[in-house]
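Please open the model in your viewer and have the selection tool ready, since this tour moves from one residue to the next and says at each stop what can be found there.

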Amino acid sequence: MTKTGGEIVTVVYNSVKSSSLRLAVEGDLYRDDERPDNATTEDIVVSILAGDNEQIQSGFINLNIYVPDYINQEGVKAKDSK
């Protein structure tokens, strides 16, 4: 039985939801286009990039992990080594 893109995203979303990755991120977990545009939190977004409906399905799922900008003591964006 082939799955739609939405069904595949749901499978991955549910897998991430119950994973240690989800526990490591302080913000929320979203599907594509659900994360607020002005969000400044550390979040995970699950989206599908491409897929096919052949007998053996293949496709690409994207996990974006957003992290807030780190501003150092001089007020400059810098790498947060934590």
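The stops below follow a short path through this structure, which is a predicted model.

**First stop: Arg-35**

Begin by selecting Arg-35, which sits in the loop between strand S1 (29–31) and strand S2 (43–51). Is this residue buried or exposed? Arg-35 has a relative accessible area of 17%, and because buried means under 20%, Arg-35 counts as buried. If you now show its surroundings, leaving out residues up to four places away in sequence, you will find that Arg-35 touches Tyr-30, Thr-41, Asp-43, Val-45 and Tyr-66. Two of these neighbours deserve a further look. With Thr-41 the partner is the backbone oxygen, which the side chain of Arg-35 reaches at 3.0 Å.

**Second stop: Asp-43**

Next, select Asp-43 and keep Arg-35 displayed, since Asp-43 forms a salt bridge with Arg-35 in which the closest N and O atoms are 2.8 Å apart. How many salt bridges are counted in the model? The count comes to one. Asp-43 has a relative accessibility of 0%, so it counts as buried.

**Third stop: Asn-64**

From Asp-43, move on to Asn-64, which is found in strand S3 (residues 59–66). Setting aside its neighbours within four places in sequence, Asn-64 is in contact with Asp-43, Ile-44 and Val-45, and you may recall that Asp-43 and Val-45 are also touched by Arg-35. Show the side chains of Asn-64 and Asn-62 as well, and you can follow the polar contact of 3.4 Å that joins them. Asn-64 counts as partly exposed because its relative accessibility is 27%, a value between the limits of 20% and 50%. For a sense of distance, select the C-alpha atoms of Asn-64 and Leu-23, which are 41 residues apart along the chain and are separated by 15 Å.

**Last stop: a nonpolar patch**

Finally, select Leu-21, Leu-63, Ile-65 and Val-67 together and switch on the surface display. These residues form a nonpolar patch on the surface, and together they have about 320 Å² of accessible area. One member to examine on its own is Val-67, which lies in the segment after S3. Where does Val-67 stand, buried or exposed? Its relative accessibility is 54%, and since exposed means over 50%, Val-67 counts as exposed.

Technical notes
Residues are numbered from 1 along each chain as its sequence is written. This is a predicted model: local features need pLDDT of at least 70, side-chain atom pairs count only at pLDDT 80 or more; totals for chains, interfaces and linings use all residues. Side-chain values use heavy atoms; hydrogens and water are left out. Helices (H or I, at least four residues) and strands (E, at least two) are DSSP runs, numbered from the N terminus. Buried means under 20% relative accessible area, exposed over 50%, partly exposed in between (1.4 Å probe, protein chains only). Contact means heavy atoms within 4.5 Å. A polar contact is a pair of N or O atoms within 3.5 Å; within protein, one must be able to donate a hydrogen and the other to accept it, and residues adjacent in sequence count only if both atoms are side-chain atoms. Patches are made of residues with over 30% relative accessible area and no salt bridge: like charges are joined within 9 Å, nonpolar side chains (Val, Leu, Ile, Met, Phe, Trp, Tyr) within 5 Å. Accessible areas come from the Shrake-Rupley method with a 1.4 Å probe; for residues, only the protein chains shown count as cover. A salt bridge is a side-chain nitrogen of Lys or Arg within 4 Å of a carboxyl oxygen of Asp or Glu.
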